[in-house]
Amino acid sequence: MEVTWWGHATCTIEDSGVRVLTDPLFVRRFAHLRRRRGEVPPPEAAVADAVLISHLHSDHLHLPSLARLAPGSLLIVPKGATGAVPGLRVLRRLRGLRITEVAPGDEVRVGAVLVRAVPALHDGRRLPVGPHRVPALGFVVEGEARTYFAGDTGLFDDMADAVGPVDVALLPVGGWGPYLGHHHLDAARAAQALAMLAPRSAVPVHYGTYWPIGMDGVRPHEFHAPGDEFVRQAALVAPGVAVHRLGHGEHVRPEARR
């Protein structure tokens with residue numbers, strides 16, 4: 001089992017011969033954001049047996065990045081996504097993407113792994129407009145290991161029960177701007193989530209990649225520091241968890257099941 005972090009929330013999970021890609025974002029600049037650290041992921045990053053979309057925000061469901069997927073790729077999205085984002089229907093028609101919509105508790109078999117959708121505490125709408133009817137999700141990918149990809153989420157009381165036992169947790173620890181709301185995890189809240197979930201290993205994601213254009217000097221510690229701060233906080237509240245702080249494009253083979 002191996003995890004590669006490409007930057008932001010984009011990861012490749014390789015388990016039991018299956019490649020699963022999360023929230024692909026393959027551009028140097030979009031909207032008011034630019035990539036400040038790490039190269040744009042190479043073409044091989046878009047190769048996957050299944051692609052997981054946690055919610056509809058454009059830094060997680062990015063249509064031009066999805067257009068780089070191989071024709072016929074399997075896309076697993078929150079229930080209602082194809083109705084809320086017309087561009088998904090266009091990609092399905094032009095690229096032959098196979099789109100499966102899921103809600104919390106739903107499972108999708110992908111070769112030798114099982115993908116299970118779990119709840120997330122986050123506004124899942126396609127902003128700036130859109131009805132609040134499409135859930136934000138996390139996912140557990142189960143093969144040789146059980147790997148939790150949280151997407152974007154805040155802490156919620158029954159997180160451990162909703163997610164279930166996991167071996168590896170890919171947790172967001174920052175954002176793309178200097179202000180995070182409560183429906184996000186910063187480094188301290190991500191460490192609390194780690195203590196609740198009690199995996200063997202963790203990888204911090206969703207930080208240190210994109211930042212608003214013209215704001216390089218505004219609260220720069222919130223761009224650079226979350227990974228190291230998560231390592232520090234995790235050592236305090238979840239000392240039994242091995243935390244792997246990766247650079248962009250780096251990979252790790254975390255310990256699998258106990």
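This report describes a central strand, the nonpolar cores and one helix of a predicted model.

## Strand E7 and its neighbours

Strand E7, which covers residues 74–78, has five of its five residues buried, and it is therefore largely enclosed by the rest of the structure. Strand E6 (residues 50–52) pairs with E7 in the parallel sense over two bridges, and here Leu-52 stands opposite Ile-76 of E7. E7 also pairs in the parallel sense with strand E8 (residues 98–102), this time over five bridges, and the bridge partner of Pro-78 in E8 is Val-102.

## The nonpolar cores

Ile-76 appears again in the largest nonpolar core, which has 52 residues, where it is one of the residues that touch the most other members, together with Val-110, Phe-139, Tyr-148, Leu-171, Leu-194 and Phe-230. Helix H5 (residues 187–197) supplies the largest share of this core, namely six residues. A second, separate core has 21 residues, among them Phe-26, Ala-45, Ile-53 and Leu-75.

When residues up to four places away in sequence are left aside, Val-110 touches Val-18, Asp-49, Ala-50, Leu-74, Ile-76 and Val-115.

## Helix H5

The buried residues of H5 are Ala-187, Arg-189, Ala-190, Ala-191, Ala-193, Leu-194 and Leu-197. They pack against the strands E12 (146–149), E13 (168–172), E14 (201–205) and E16 (242–243), as well as against the helices H4 (159–163) and H7 (226–237). Just after H5 comes Ala-198, which takes a positive phi of about 55 degrees.

Key:
Residues are numbered from 1 along each chain as its sequence is written. This is a predicted model: local features need pLDDT of at least 70, side-chain atom pairs count only at pLDDT 80 or more; totals for chains, interfaces and linings use all residues. Side-chain values use heavy atoms; hydrogens and water are left out. Buried means under 20% relative accessible area, exposed over 50%, partly exposed in between (1.4 Å probe, protein chains only). Helices (H or I, at least four residues) and strands (E, at least two) are DSSP runs, numbered from the N terminus. Two strands pair if DSSP finds at least two bridges between them. A nonpolar core is a set of buried Ala, Val, Leu, Ile, Met, Phe, Trp, Tyr and Cys residues joined through side-chain atoms within 4.5 Å. Contact means heavy atoms within 4.5 Å.
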